[in-house]
Protein chains: 2
Amino acid sequence: MDAVNKMEVLKSYIETKGLKSTAQRDFIADTFFKTNTHISLDELLKKVKRKTPGIGYATVYRTMKLLTESGLAIARQFGDGQTRYENLPEDGHHDHIICIKCSKIAEFHNQKIEQLQMEAAKKLGFTVVNHKLELYGYCPDCV
Amino acid sequence: MDAVNKMEVLKSYIETKGLKSTAQRDFIADTFFKTNTHISLDELLKKVKRKTPGIGYATVYRTMKLLTESGLAIARQFGDGQTRYENLPEDGHHDHIICIKCSKIAEFHNQKIEQLQMEAAKKLGFTVVNHKLELYGYCPDCV
DNA sequence: ATAATAATGATTTTCATTTTCAATTGCAAG
DNA sequence: CTTGCAATTGAAAATGAAAATCATTATTAT
Ligand SMILES: [Mn+2]
Ligand SMILES: [Mn+2]
Ligand SMILES: [Zn+2]
Ligand SMILES: [Zn+2]
């Protein structure tokens, strides 16, 4: 799904929730849709302010909250005390591996792991709704 | 390792770090060593205050930090905004599955998953130091 | 006993959110 | 095009968990 389609999904989400469309929200969402990193609120605010200095932190915060609940953004916690947001991945769910030295983030997906998780949960009588798998270590550049 | 042995490990950690032994710290550590839950600072403080009302939050905070860096406690973040501590498990590392309705926590360990994690990391050139795997869903009691 | 140094506990500070609120804006109805 | 009203905005304040501060107290080696 590209930025244009995402914007359409957002529009219809806003519609069904009885919300109103605003230029600030559209611009923040569009800016976010064009990122391909795991971006923090501060980073996104800085990016947004470059073209639209008037926009406030709270509006960025609220927009990302909206995008998250509409399923267009994913909120991630990598343990540095800051929530980071990423776009809905093109190729489905993925997990992360984070360098504890330079903070580089790589992504991976392993269907076998997902399968084993489900089995482990089932063995305990649990039904899995979602999961978090993060590996921490050193990236190739940091040995 | 039982509470007595843990206390000995703590003593020698304190020794090598040139720290001093205190009644408060001993009591907090002992209280923690006897828990078998994933306890928050507030919960531990409350438990400690029952027998020793004079002890302050900061001392509990500092003691758990000490236990964590000495390897006698493990700090966990289950996404509710509160750090929880658990005792070093008898049977090695384990992961968690958390009920999103009643917050019940179950533990599991799957060597195959751990193995696949290492392989996934290796494929990306990373070396894994530690990892976090949490499953979220419904426990048997919550359907 | 003394001196040096670590620990304590109350309090304050930090910092990332989250909420509040008055002013502004979007939009549907007339 | 107005009007009415609910939603939105941005600045500021509030929140809450974690971390730091600091005067006082306790521990330990000498
Ligand atoms: Mn990602
Ligand atoms: Mn556990
Ligand atoms: Zn690195
Ligand atoms: Zn449950």
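**Manganese site, helix 4 and salt bridges**

Let me begin with the manganese ion, ligand 1, where the 6 donor atoms subtend angles of 53 to 170 degrees, so the arrangement is irregular. I should say at once that this is a predicted model. The protein donors are A:His38, A:His94 and A:His96, each through NE2, together with A:Glu107 through OE and A:Glu86, which is listed twice through OE, and they lie 2.1 to 2.6 Å from the ion. Along the chain, these donors follow the spacing H-x47-E-x7-H-x1-H-x10-E. Two of them deserve a further word: A:Glu86 sits in strand 3 (residues 83-87) of chain A and A:Glu107 in strand 5 (residues 105-108), so the pair ties together parts that are 21 residues apart in sequence. A:Glu86 counts as buried because its relative accessibility is 4%, whereas A:Glu107, at 37%, counts as partly exposed.

Staying with strand 3 of chain A, I turn to A:Arg84, which forms a salt bridge with A:Glu43, with the closest N and O atoms 3.4 Å apart. Since A:Glu43 belongs to helix 3 (residues 41-51) and A:Arg84 to strand 3, this pair ties together parts that are 41 residues apart in sequence. A:Arg84 is buried, with a relative accessible area of 15%, while A:Glu43 is partly exposed at 36%. Both residues are also linked with A:Asp80 in a network of salt bridges, and a search of the whole structure finds 14 salt bridges over all chains.

Now to chain B, and to helix 4 (residues 57-69), whose 13 residues reach 19 Å from the first C-alpha to the last, close to the 18 Å expected at 1.5 Å a residue. Which residues of helix 4 of chain B are buried? They are B:Val60, B:Thr63, B:Met64, B:Leu66 and B:Leu67, and, seen down the helix axis, they fall within an arc of 155 degrees, so they line one face of the helix. As general background, an α-helix has 3.6 residues a turn, so residues three or four places apart point the same way. The buried residues of helix 4 pack against helix 1, helix 2, helix 3, strand 2 and strand 3 of chain B, and the helix is followed by B:Gly71, whose phi is positive, near 85 degrees.

One of those partners, helix 2 (residues 23-33) of chain B, holds B:Thr31, which is buried with a relative accessible area of 11%. Leaving aside neighbours within four places in sequence, B:Thr31 is in contact with B:Leu44, B:Lys47 and B:Val48.

Conventions:
Residues numbered from 1 in each chain as written. Chains lettered and ligands numbered in written order. Predicted model: local features only at pLDDT ≥ 70, side-chain atom pairs only at ≥ 80, totals over all residues. Heavy atoms only, no water. Donors = N, O, S within 2.8 Å, 3.2 Å for Na, K, Ca; no water. Tetrahedral: all angles 85-135°; square planar, octahedral: opposite > 155°, others 65-115°. Helix = DSSP H or I, 4+ residues; strand = E, 2+ residues; numbered from the N terminus. Buried < 20%, exposed > 50% of the residue type's maximum accessible area, 1.4 Å probe, protein only. Contact = heavy atoms within 4.5 Å. Expected span 1.5 Å × (residues − 1). Arc of directions from axis to C-beta. Salt bridge = Lys/Arg side-chain N within 4 Å of Asp/Glu carboxyl O.
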